[in-house]
Amino acid sequence: MHPCETDVESYFRGSLATSDSTSIESHASTCRECCHRLAERAMTIARGAADCAEATALGRRELRQEPRFPTEAPAVLRFINPVRDDRLPAQVLDVSRSGLKIETRELISPGTLVLIRVRRMQIFGEVRYGICSETGFRAGIRIERVE
Ligand SMILES: [Zn+2]
C-alpha cells in the first residue's frame with residue numbers, strides 16, 4: 001500500500017516513528033511511483049530550504065543521516081567556477097534535501113561550482129567528491145540554491 005500524503009509529510013518533518021519511516025523507505029525501494037513521489041518532494045523541500053540560511057546550515061549538518069531517494073532524471077551541468085563554455089550531460093542518481101548524487105562521463109574535482117538543470121529546476125551547488133564508477137564517474141553535490 002502506498003503511504004498517504006500525511007505520513008510522507010511527517011516523514012520529511014522527521015516526526016514519524018522510526019518503524020513507520022522504515023516502512024516508507026522499504027516501500028519506496030520497491031515502488032517506482034512512490035520512489036519518484038518522494039524524490040520530487042525532497043527536491044521541493046530543497047528549494048524551500050535554500051530560501052532559509054538556517055535550514056540550509058541544518059541540512060549540511062544532517063547530510064549523512066538524511067534519507068536519499070533514487071531517481072533517474074537526466075540533467076545538464078554547467079561549470080560556474082572554474083568556468084567552462086561546454087555543457088556536460090549527467091544523470092541524477094539520487095537526491096536528498098541538501099544534496100544530489102550524479103553520474104557523468106568525466107571526473108569532477110571537489111570544490112567545483114556547478115549549475116545543474118534538471119527537469120524545470122536549476123540547482124546551484126558545490127561538488128563535494130568525485131569517484132570512478134563502473135560506467136563512468138560519480139559526483140556528490142551539495143545544494144546551495146534551487147531556482
Ligand atoms: Zn507506492
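Here are some questions and answers to help you find your way around this predicted model.

Q: How many helices and strands does the protein chain have, and in what order do they run?
A: Start at the N terminus and follow the chain: the elements run α-α-α-α-β-β-β-β-β-β-β. Counting them up gives four helices and seven strands.

Q: Which element of the protein chain has the lowest mean pLDDT?
A: The chain as a whole has a mean pLDDT of 82, and 86% of its residues reach 70 or more. Among the elements, strand 2 has the highest mean, at 94. At the other end, with a mean of 50, is helix 4 (residues 53-61).

Q: Which strands does strand 5 pair with, and in what sense?
A: On one side, six bridges join strand 5 to strand 2, and Val 76 has Arg 117 as its bridge partner. Strand 5 also pairs with strand 6 (residues 121-132) over six bridges. There, Leu 113 stands opposite Glu 126, and Leu 115 has Phe 124 as its partner. So the partners are strand 2 and strand 6, both antiparallel.

Q: Which residues form the covered face of strand 5?
A: Strand 5 spans residues 113-118 and has two faces. Leu 113, Leu 115 and Arg 117 make up the uncovered one. The covered face is Val 114, Ile 116 and Val 118.

Q: Which residue takes a positive phi in the hairpin of strand 5 and strand 6?
A: Most residues other than glycine have a negative phi. This hairpin has two residues between its strands, and a positive phi near 50° is found there. The residue that takes it is Arg 119.

Q: Where is Pro 82, and what kind of peptide bond joins Asn 81 to it?
A: Pro 82 lies in the loop between strand 2 (74-81) and strand 3 (83-95). Most peptide bonds are trans. Between Asn 81 and Pro 82, though, omega is about -5°, and the bond is cis.

Q: Which strands pair with strand 4?
A: Strand 3 leads into strand 4 by a hairpin of three residues, and the two pair in the antiparallel sense over five bridges, with Ala 90 opposite Thr 104. Six bridges join strand 4 to another antiparallel strand, where Gly 99 has Arg 142 as its bridge partner. The two partners are therefore strand 3 and strand 7.

Q: How many bridges join strand 6 and strand 7?
A: These strands form a hairpin with four residues between them. They run antiparallel, and one of the bridge pairs is Gly 130 with Ala 139. The number of bridges is nine.

Q: Which residues touch the most other members of the largest nonpolar core?
A: Nonpolar side chains tend to be buried together in soluble globular proteins. Here the largest nonpolar core has 25 residues. Elements giving two or more residues to this core include helix 2 (18-30), helix 3 (32-50) and strand 7 (137-146). The members touching the most others are Ala 75, Val 95, Leu 100, Ile 102, Ile 116 and Ile 141.

Q: Which residues is Leu 100 in contact with, leaving aside its neighbours within four places in sequence?
A: Leu 100 is one of the core members that touch the most others. Setting aside those sequence neighbours, its contacts are Val 92, Val 95, Ile 116, Ile 123, Gly 125, Ile 141 and Ile 143.

Conventions: Residues are numbered from 1 along each chain as its sequence is written. This is a predicted model: local features need pLDDT of at least 70, side-chain atom pairs count only at pLDDT 80 or more; totals for chains, interfaces and linings use all residues. A residue is buried if 20 or more other C-beta atoms lie within 10 Å of its own, exposed if 12 or fewer, and partly exposed in between; C-beta atoms are placed from the backbone. A nonpolar core is a set of buried Ala, Val, Leu, Ile, Met, Phe, Trp, Tyr and Cys residues joined through C-beta atoms within 7 Å. Two residues are in contact if their C-beta atoms, placed from the backbone, lie within 7 Å. pLDDT is the predictor's confidence in each residue, from 0 to 100.
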